[in-house]
Amino acid sequence: MRFDLRKTLFILPNLFTLSSIFCGFYAIVACTTANGAGETSAEDFYRAALLIVFAMFFDVIDGRVARLTKTQSAFGVQIDSLADVVSFGIAPAILVYRWSLHTLGVGGLIASFAYVACGAIRLARFNVMATSPSGAPKKPGKYIMGLPIPGAAGALVSIIVANFAVTGSLQSAPEVMLGVVIALSFFMVSTVPFRSFKDIKLGWRSVIFVGLTIASSAVIAATYHPSFALVWLIVGYVAIAVLEAVLEISRKAARLAGRRGQSPATVEPAEEKQRPSVP
């Protein structure tokens with residue numbers, strides 16, 4: 001029996017993907033066994049949030065491993081999306097529902113489901129746009145449409161972890177979390193372009209950007225709590241995408257207004273030159 005190293009390497013990134021699914025599954029178990037009161041419940045919710053953070057770590061690693069070993073495949077794209085639905089869709093939705101939104105009754109249930117539904121729609125749209133007709137994955141571009149579901153899950157988890165690190169007031173203010181969940185759901189299915197950072201090149205601009213990001217995150221972590229650094233990063237990520245989208249819309253509107261503002265006298269001579277002469 002001949003040993004094929006290349007076929008074995010295809011298993012490696014999928015193992016990290018399965019590890020992400022396990023973390024999401026365990027997070028669901030942890031937050032559904034919480035009784036909703038007392039110190040034990042707080043520890044269960046906190047452990048569930050940390051498990052989703054570990055799932056994010058494995059989600060990042062599996063893609064890097066696949067690219068390093070050149071084992072990207074259509075199967076990898078599909079199983080990665082299925083893992084994201086479990087670890088960053090269902091698990092955070094159940095966590096935030098059990099943690100806070102359950103006090104809103106049906107409204108909290110609908111908002112939690114809307115988060116899962118929007119995440120699944122976003123992943124399905126991503127799969128269609130990121131694969132060729134043959135099913136092979138395309139080369140990632142500079143931008144991706146809609147907020148990635150790991151980023152949305154990271155926002156929810158970071159808020160929960162930061163809340164436990166301070167007063168815990170957000171748990172008793174479910175209306176705030178309801179607004180956050182609805183906003184994240186909207187950004188996932190929106191057409192707002194978000195930077196993928198997969199084609200980032202080493203240059204003075206990228207070095208300055210990374211330096212400012214690390215410095216600001218360190219200041220936030222030292223001033224408040226390390227968990228607030230993740231909140232800061234995700235809020236900044238969404239803010240940059242929204243700002244770039246607004247600037248792009250304003251530039252397009254300015255160009256369109258400029259075309260409409262051109263007088264016929266400036267257009268007719270160019271058209272006259274293109275007309276053939278009549279003998």
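Ser-217 has a relative accessibility of 10% in this predicted model, and a value under 20% is what counts as buried, so Ser-217 is classed as buried. The residue belongs to helix α8, which covers residues 204–223. Beyond its neighbours within four places in sequence, Ser-217 is in contact with Ala-229, Trp-232 and Leu-233.

## Overall architecture

The protein contains ten helices and two strands. Read from the N terminus, its elements follow the order α-α-α-α-α-β-α-α-β-α-α-α. Of the 279 residues in the protein, 35% are buried. The accessible surface amounts to about 16600 Å², and carbon and sulfur atoms account for 71% of that area. Among contacts between residues at least 6 apart in sequence, 78% join residues at least 24 apart.

A single pair of residues may be set beside that figure. Ala-74 and Thr-131 are 57 residues apart along the chain, and their C-alpha atoms are separated by 7.7 Å. Ala-74 is located in helix α4, residues 74–99. With a relative accessibility of 30%, Ala-74 counts as partly exposed.

## Helix α2

Helix α2 comprises 22 residues, from 11 to 32. At 1.5 Å a residue, the helix should span 32 Å, and the C-alpha atoms at its ends lie 31 Å apart, so the expected and modelled lengths agree. The expected span is obtained from one less than the number of residues.

The buried residues of α2 are Pro-13, Asn-14, Thr-17, Ser-20, Cys-23, Gly-24, Ala-27, Ile-28, Ala-30 and Cys-31. Leu-18, also placed in helix α2, counts as partly exposed at 45% relative accessibility. Together with Ile-11, Leu-12 and Leu-15, Leu-18 makes a nonpolar surface patch of about 340 Å².

## Aromatic pairs

A pair of aromatic rings is described by the distance of the centres and the angle of the planes. The structure holds six aromatic pairs. One of them joins Phe-16 and Phe-58, with ring centres 6.4 Å apart and planes at 35°. Planes under 30 degrees apart would count as stacked and those over 60 as edge-to-face, so the pair of Phe-16 and Phe-58 is tilted. This pair links distant parts of the chain, since Phe-16 lies in helix α2 and Phe-58 in helix α3 (residues 38–68), 42 residues apart. Phe-16 has a relative accessibility of 24% and therefore counts as partly exposed.

Phe-194 and Tyr-237 form another pair, whose ring centres are 5.4 Å apart and whose planes meet at 50°, so this pair is tilted as well. Distant parts of the chain are again linked: Phe-194 is in strand β2 (residues 193–195) and Tyr-237 is in helix α9 (residues 226–260), 43 residues apart. Both Phe-194 and Tyr-237 are buried. These two residues also belong to an aromatic cluster that includes Phe-186 and Phe-187.

## Salt bridges

The structure holds two salt bridges, which are set out below.

| Salt bridge | N to O distance | Helix | Separation in sequence |
|---|---|---|---|
| Arg-47 and Asp-44 | 2.9 Å | α3 | three residues |
| Arg-251 and Glu-248 | 2.9 Å | α9 | three residues |

In helix α3, the spacing between Arg-47 and Asp-44 corresponds to about one turn of the helix. Their accessibilities fall into separate classes: Arg-47, at 34%, counts as partly exposed, while Asp-44, at 10%, counts as buried.

In helix α9, Arg-251 and Glu-248 are three residues apart and are therefore separated by about one helical turn. Arg-251 is classed as partly exposed with a relative accessibility of 42%, and Glu-248 is likewise partly exposed with a relative accessible area of 29%. Helix α9 also carries Tyr-237, the partner of Phe-194.

Definitions and conventions: Residues are numbered from 1 along each chain as its sequence is written. This is a predicted model: local features need pLDDT of at least 70, side-chain atom pairs count only at pLDDT 80 or more; totals for chains, interfaces and linings use all residues. Side-chain values use heavy atoms; hydrogens and water are left out. Helices (H or I, at least four residues) and strands (E, at least two) are DSSP runs, numbered from the N terminus. Buried means under 20% relative accessible area, exposed over 50%, partly exposed in between (1.4 Å probe, protein chains only). Rings of Phe, Tyr and Trp (its six-membered ring) pair if their centres lie within 6.5 Å; planes under 30 degrees apart count as stacked, over 60 as edge-to-face and the rest as tilted. Patches are made of residues with over 30% relative accessible area and no salt bridge: like charges are joined within 9 Å, nonpolar side chains (Val, Leu, Ile, Met, Phe, Trp, Tyr) within 5 Å. Accessible areas come from the Shrake-Rupley method with a 1.4 Å probe; for residues, only the protein chains shown count as cover. A salt bridge is a side-chain nitrogen of Lys or Arg within 4 Å of a carboxyl oxygen of Asp or Glu. Contact means heavy atoms within 4.5 Å.
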